[in-house]
Amino acid sequence: MKEDVYILAIESSCDETAAAVVKNGREVLSNVISSQIDIHTLYGGVVPEIASRKHTERINQVIEQALEEAGMTLEEMTAIAVTYGPGLVGALLVGVAEAKAIAFATGKPLVGVHHIEGHIAANFIEHPELEPPFLCLVVSGGHTHLVRVKDYGVFEILGRTRDDAAGEAFDKVARAIGLGYPGGPKIDRKAKEGNPLAITFPRAKVADNAYDFSFSGLKSAVLNYLNHAKMMGEEVNDADLAASFQHAVVEVLVSHAMEGVKEYGADKLAIAGGVASNTALRARLEEECQKRGVAFYRPSPILCTDNAAMIGAAAYYEYEKGVRHGWDLNAIPNLKLGER
Ligand code: KG4
Ligand code: ZN
């Protein structure tokens, strides 16, 4: 019988210090997340230097807690996994240095993981039946990708954003209407009180690749709308504005995903990343997938935002393929999906 694989996974690419223990890629034994949101909220966004310092302060405790909650020791781990890109270089470095130190001291193999591969793998945790190939819409604070997951760790990017990521657009619009950081969940909540058809915002088309996204024009349209109303002395209905903006983003994401489903004859669609928590996006995709007889997979919100369980899930498949990193593993802030 095959031996069980236990992975201690570490994630520190942005503003969450996280560690998890994952068994055989799909069973989460612990998933500890120490969020720094409170501190960064004071500045209206993530301050890289503060993020690195907080990771350094918290990482040991987060790892100890992950092992304790799993009821396991470091010696019982099969491998140590860590996000090594993309992300904030100083933040990534804290996790990478920690993982290397633990792997070296215990003599365990080290597996570096791509952050987005982790987000995609979050889908494996709660859906034991999900296996590649499938299509995945990755929507986070830094990325907006439509990806064909051809096999474990094998990706073809069909489309990507040319400018802002979807989450970034949510954060910027939220700031403009005074909702604060992080904007996504706040717009999501506000939009529930508003009319999504109250204001028509543009849906950007990118000429040479129908799968690419562009959100900066939409963000500017919202800012122009606000400025115009201010100049005219008109009151803006924040709920209608939030709902209409969200509607514009969701419609573009859904239409691109459905084009992909059609062109590639996909029978499975998954979503991943922080914006995958968005209730309107989840509802619309559910609806469109149902119409087409496509199985729709989405992680629970806690597994959509940055966490280490998803890194442990992705690492398992890399480990099984024989991927091992050396002591020269470095943080790569702009690491491309599918690169090693
Ligand atoms: O994946 P994630 O936690 O971090 C990155 O890797 O970027 O994504 C964070 C992003 C933020 O921009 C946040 O505003 C957005 O996800 N987000 C949401 C929602 N929850 C988080 N956007 C829209 N609706 C939500 N409910
Ligand atoms: Zn992320």
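**Notebook: zinc site, sheet and cores**

I started at the metal: in this predicted model, the zinc ion (ligand 2) takes its protein donors from His115 (NE2), His119 (NE2) and Asp306 (OD), at 2.0 to 2.1 Å. Donors here are N, O and S atoms within 2.8 Å of the metal (3.2 Å for Na, K and Ca), and water is not among the atoms, so sites may look incomplete.

Conventions: I number residues from 1 along each chain as its sequence is written, and I letter chains from A and number ligands from 1 in the order in which they are written. Local features need pLDDT of at least 70, side-chain atom pairs count only at pLDDT 80 or more, totals for chains, interfaces and linings use all residues, and side-chain values use heavy atoms, with hydrogens and water left out.

**Zinc geometry**

I looked up the angles among the four donor atoms of the zinc ion (ligand 2) and found 95 to 140°, an irregular site. Four donors would count as tetrahedral if all angles lay between 85 and 135 degrees; four count as square planar and six as octahedral if opposite donors are over 155 degrees apart and all others between 65 and 115; anything else is irregular.

I noted the sequence spacing of the donor residues as H-x3-H-x186-D. His115 belongs to helix 4 (residues 115-126), while Asp306 sits in the loop between helix 10 (301-304) and helix 11 (309-320), so the pair links distant parts of the chain, 191 residues apart. Helices (H or I, at least four residues) and strands (E, at least two) are DSSP runs, numbered from the N terminus.

**Helix 4**

I checked burial next (buried is under 20% relative accessible area, exposed over 50%, partly exposed in between, with a 1.4 Å probe and protein chains only). His115 and Asp306 are both buried. In helix 4, 11 of the 12 residues are buried, including Glu117, His119 and Asn123. Helix 4 lies across strand 6, strand 7 (144-151), strand 8, strand 9 and strand 10, at about 125° to strand 6. I take axes as lines fitted to C-alpha atoms, for helices over the stretch in contact, with angles from 0 to 180 degrees between N-to-C directions.

**Sheet**

I read the sheet as open, with five strands in the order 8-7-6-9-10 and mixed pairing; two strands pair if DSSP finds at least two bridges between them. Its edge strands are strand 8 (154-160) and strand 10 (295-297).

Strand 6 runs antiparallel to strand 7, with six bridges, and a hairpin of four residues joins the two. Val138 stands opposite His145 in strand 7. Strand 6 pairs with strand 9 in the parallel sense over four bridges, with Leu137 facing Ile271 as its bridge partner. I found both faces of strand 6 covered: Phe134, Cys136 and Val138 are buried on one side, and Leu135, Leu137 and Val139 on the other.

**Cores**

I define a nonpolar core as a set of buried Ala, Val, Leu, Ile, Met, Phe, Trp, Tyr and Cys residues joined through side-chain atoms within 4.5 Å. The largest has 49 residues, of which Phe201, Phe245, Leu269 and Leu285 touch the most other members. Helix 8 gives the most to this core, with 13 residues. Apart from it lies another core of 40 residues, among them Ala18, Ala308, Ala309 and Tyr316.

**Trp327**

I placed Trp327 in the segment after helix 11. Trp327 counts as partly exposed because its relative accessibility is 46%. Its contacts (heavy atoms within 4.5 Å) include Lys100, Phe104 and Leu110, not counting residues up to four places away in sequence.
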